[in-house]
Amino acid sequence: MSRGWLSAFVLCCAGAAVLMQVAYPLVGGDAQRMLTILSVVAFCAFSTAHAFVLYGTRGPLAVLGICGGVGLAIEAVGSRTGFPFGNYDYTASLGWRVLGVPVVVALAWAMMGWPAFLAARRVFGEGWRLSIYGAAILTAWDLLLDPQMVDAGHWVWAPTPGPALNEIPLVNSLGWFAVAFVMMTLLQGAFASNPAAVASSWCWPAWAMLAWTWFSETLGHLVFFGLPWVGVIGGLVFGAVLLPWARGVRADIREAGT
């Protein structure tokens with residue numbers, strides 16, 4: 001596939017994911033369940049194809065192998081043992097499973113792992129700070145994701161002592177951070193620092209999808225999902241975490257315009 005066709009495919013996947021997410025609160029029942037699955041598939045296709053544009057074949061292999069593979073493995077362990085996220089279990093609503101974990105869950109780790117990694121690399125370049133920042137982005141995103149999925153009936157949590165958000169214990173965020181830190185570190189190993197790729201104008205689709213995720217998830221909870229307090233807390237935390245990245249992107253735009 002030529003770069004032109006591949007670039008068009010990237011944008012089509014992004015557009016499909018956005019359109020399905022827009023439609024999500026407007027439907028119900030099985031249609032909403034299918035939009036959940038298909039929007040994740042489209043977003044994951046976007047991330048893997050975008051990784052190919054920037055890094056060639058190793059891009060999608062690393063995104064799926066590291067983010068999807070680690071995500072699948074840790075979810076299989078977590079849903080059986082309660083470590084490291086707490087005690088939870090999946091319902092039958094998300095379709096095909098591997099090791100007891102819906103495949104779409106592993107794809108969700110991959111779909112957001114890639115833009116989170118690029119954003120962290122934009123801010124810190126490489127090293128332990130990149131891993132911490134990328135992990136913080138994924139953890140903040142989950143403050144919005146998990147309550148929505150629990151409310152939709154895709155997984156359930158056992159009662160857990162201590163602070164919680166929509167019955168989701170704080171230990172879940174600690175587990176997310178630890179797992180995401182490992183992912184970011186492994187992605188650094190897979191993608192040797194490549195300033196030309198990171199500075200490429202073709203990072204903008206990833207930037208757009210990251211910003212859209214924050215906006216749409218926050219708005220969804222505030223207006224459509226019946227969980228406005230989740231939108232306030234999750235939206236503020238996610239937005240605050242993204243602020244260093246947003247400032248960097250704004251500086252890039254200003255520099256390009258001069």
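Buried is used here for a residue with under 20% relative accessible area, and in this predicted model F85 is therefore buried, because its relative accessible area is 1%.

**View 1. F85 in the loop between α3 and β1.** The loop that holds F85 runs between α3 (58–81) and β1 (88–90). Leaving out residues up to four places away in sequence, F85 touches I74, E75 and G78, together with W109, W157, P169, V171, N172, G175, W176 and V179. F85 and L174 are 89 residues apart along the chain, yet their C-alpha atoms are separated by 7.3 Å. P84, which is found in the loop between α3 and β1 as well, is joined to F83 by a cis peptide bond whose omega is about 5 degrees.

**View 2. Helix α3 and the glycine just after it.** With 24 residues, α3 reaches 33 Å from its first C-alpha to its last, a span close to the 34 Å expected at 1.5 Å a residue. Just after α3 comes G82, which takes a positive phi of about 85 degrees.

**View 3. The largest nonpolar core and its most connected members.** This core holds 83 residues, of which W114, I137, W141 and F238 touch the most other members. Its largest share, 14 residues, is contributed by helix α4 (residues 103–124). When neighbours within four places in sequence are left aside, I137 is in contact with A116, A119 and A120, with L210, and with F238, V241 and L242.

**View 4. The crossing of helices α5 and α8.** The axes of α5 (residues 128–151) and α8 (residues 204–224) come within 10 Å and cross at roughly 35 degrees, and the crossing is left-handed. On the α5 side the contact is made by I137, W141, L144, P147 and Q148, and on the α8 side by L210, T213, E217, T218 and H221. Sorted by character, the residues of this contact comprise five nonpolar, four polar and one charged. I137 and W141, which take part in this contact, are also among the residues that touch the most other members of the largest nonpolar core.

**View 5. Helix α8 and its buried residues.** The 21 residues of α8 reach 28 Å from the first C-alpha to the last, close to the 30 Å expected at 1.5 Å a residue. Buried positions in α8 are P205, A206, W207, M209, L210, T213, S216, E217, T218, G220 and H221; of these, L210, T213, E217, T218 and H221 belong to the contact with α5. Just after α8, G226 takes a positive phi of about 75 degrees.

**View 6. Two buried residues of helix α1, A17 and L6.** A17 is found in helix α1 (residues 3–23) and, because its relative accessibility is 0%, counts as buried. Neighbours within four places in sequence aside, A17 is in contact with S39, A42, F43 and M209, and M209 is itself one of the buried residues of α8. From C-alpha to C-alpha, A17 and C44 are 9.0 Å apart in space, although 27 residues apart in sequence. L6, found in α1 too, counts as buried at 9% relative accessibility, and L6 and F52, which are 46 residues apart in sequence, are 8.7 Å apart in space from C-alpha to C-alpha.

**View 7. Helix α2 and the glycine that follows.** Helix α2 (residues 29–55) has 27 residues and should span 39 Å at 1.5 Å a residue, so the 39 Å between its end C-alpha atoms agrees with that expectation. G56 follows α2, and its phi is positive, near 75 degrees.

**View 8. V182, a partly exposed residue of the model.** V182 lies in helix α6 (residues 170–190) and is classed as partly exposed because its relative accessible area is 40%. The C-alpha atoms of V182 and I66 are separated by 9.3 Å, and the two residues are 116 residues apart along the chain.

**View 9. L99 and its positive phi.** L99 lies in the loop between β2 (97–98) and β3 (101–102), and its phi is near 55 degrees, a positive value in a residue other than glycine. With a relative accessible area of 52%, L99 is exposed.

Definitions and conventions. Residues numbered from 1 in each chain as written. Predicted model: local features only at pLDDT ≥ 70, side-chain atom pairs only at ≥ 80, totals over all residues. Heavy atoms only, no water. Core = buried A, V, L, I, M, F, W, Y, C linked by side-chain atoms within 4.5 Å. Buried < 20%, exposed > 50% of the residue type's maximum accessible area, 1.4 Å probe, protein only. Helix = DSSP H or I, 4+ residues; strand = E, 2+ residues; numbered from the N terminus. Contact = heavy atoms within 4.5 Å. Axes fitted to C-alpha atoms, helices over the stretch in contact; angles between N-to-C directions. Left-handed = near helix turned anticlockwise from the far one by under 90°. Nonpolar A, V, L, I, M, F, W, Y, C, P; charged D, E, K, R; others polar. Expected span 1.5 Å × (residues − 1).
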